[in-house]
Amino acid sequence: MAVVTVQLGQCGNQIGFEVFDALFTDSQCSQGFCSKRENEAYQASCTERFFREENGVPIARAVLVDMEPKVINQMLSKAAQPGRWKYDQHARFCQKQGSGNNWAYGYSVHGPKHAESIMNLIQKEVEKCDSLSGFFIIMSIAGGTGSGLGAFLTQHLQDHYSNALKMNQIIWPYGTGEVIVQNYNSILTLSHLYRSSDALLVHENDAVHKICAKLMSTKQISFRDINQVLAHQLGSVFQPTHSAECSFHYRTNPLGDLMEHLVPHPEFKMLGVRTIPQMSETSLPYSTFTWNGLLKRLRQMLISNAKMDEGIDWQVRPPLPKLPPPGKMCLNREQHFNTSLANLLILRGKDVQNANLEGFRDPALYTSWLGPADAFSAWKTPRAFNRYERSAALVSNGQFFVRPLDAVVGKAWNMFASKAYIHQYTKFGIEEEDFLDSFTLLEQVVASYRNLF
């Protein structure tokens, strides 16, 4: 089943290009550490999901949207290299005027004005799929076009394709600030997406920046460096895996399978990704990994809410059953321990069937109302990813994002209480009541996740 990707705004289009490039490069790699037959089946499954062929050339199943043409033109040009993949030149929509980092302008002006044209492009791409798994929507939440127009289009996709799954990959802004109204834009985006999307896959710029600096040894970090780390993590999730233990068939419904395992309740739909190992190309030939070592570190990353395997806090432990008393247990969980609602572990590479997964089946990792048998799943393939002989990705639905979300809501509320910049939104039809609705919904989301025990 195919996934149609919608790339929104400068951020969404730049990340989207790196994702497709990573998927294509990996699928064409001969160093899969597996048989030729396995490699061919893997390549065919990847192509079916994310590409279609025209005259022997892989064409990304994507629609590119931005209100300014510069970035889209750059991505079309970069993708048009000989012997590689391409975007469909007609599957793009751009205008001459951006949204000025104003969520209200993207949502209330660009949305109603251009939705029909954009939805027509999406429909044409959907019609080229034999079977549609759903939509993967890549966007920032801090600006104007990606966030405002992105929220509007996600609602439209829900209205027009109610039976198709929608996953929004959202980029969380730097805590120090990129745009003065980024917290307003973020809460408005998140509250609207929570009503219309099936899952939100969150990447924090601050965390990815640290991965570039400490794991990738990048000296002067650019947005492309950050986007390539994001693309690696997304590829490690979305590339094909076997449908069952000892099966040689690949999963056919990527979004559906992810949702089934990770979103057990519509009130809990925030997902995060951790991958291990992740390092620079120059370091890779000198590194060796065992499944025991990788999974031990990945489990502790989950428990301690670490985004990378350097600087893990090994002191954090799951609470012991029945001890301490319930009141203290809740406090301990909130302050230190990252409780999970659901975890999906994806293993790729050599001797994958020998990996011991018992550490992730520990009931102490999960909420009391969903046991490990329902909360934990593992997908495997002997085909390696991106030249790593062994690699693991962990997609989690849990308390990992409570602090950043609470911080954004708090900062936005402090600005809202003093009426700062509200006039920039009300002049485009977003009223104070809309802000209050967003605060109410997100405070409920924070409370729901915080109370997992």
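Student: In strand E12 (residues 390–398), how many residues are buried?
Tutor: In this predicted model, local features need pLDDT of at least 70, side-chain atom pairs count only at 80 or more, and totals for chains, interfaces and linings use all residues. Residues are numbered from 1 along each chain as its sequence is written, and side-chain values use heavy atoms, leaving out hydrogens and water. E12 is a strand (a DSSP run of at least two residues, numbered from the N terminus) that is mostly covered, and the number of its residues that are buried (under 20% relative accessible area, 1.4 Å probe, protein chains only) is nine of nine.

Student: Which residues of E12 point the other way from Arg 390, Ala 392, Leu 394, Ser 396 and Gly 398?
Tutor: Both sets of E12 residues are buried. Opposite the set that begins with Arg 390 are Ser 391, Ala 393, Val 395 and Asn 397.

Student: In E12, what is the bridge partner of Arg 274?
Tutor: Strand E9 (residues 270–276) and E12 pair (at least two DSSP bridges) in the antiparallel sense, over five bridges. On the E12 side, Arg 274 is matched with Leu 394.

Student: How many bridges join strand E10 (residues 340–349) to E12?
Tutor: One of the bridge partnerships in E12 is that of Ser 340 with Gly 398. E10 and E12 run antiparallel, and the bridges joining them number nine.

Student: Over which residues is the pLDDT below 50?
Tutor: The protein averages a pLDDT (the predictor's confidence in each residue, from 0 to 100) of 92, and 95% of the residues score at least 70. A stretch with 18 contacts (heavy atoms within 4.5 Å) beyond near neighbours in sequence nevertheless has a pLDDT below 50, namely residues 328–335.

Notes. Buried means under 20% relative accessible area, exposed over 50%, partly exposed in between (1.4 Å probe, protein chains only). Helices (H or I, at least four residues) and strands (E, at least two) are DSSP runs, numbered from the N terminus.
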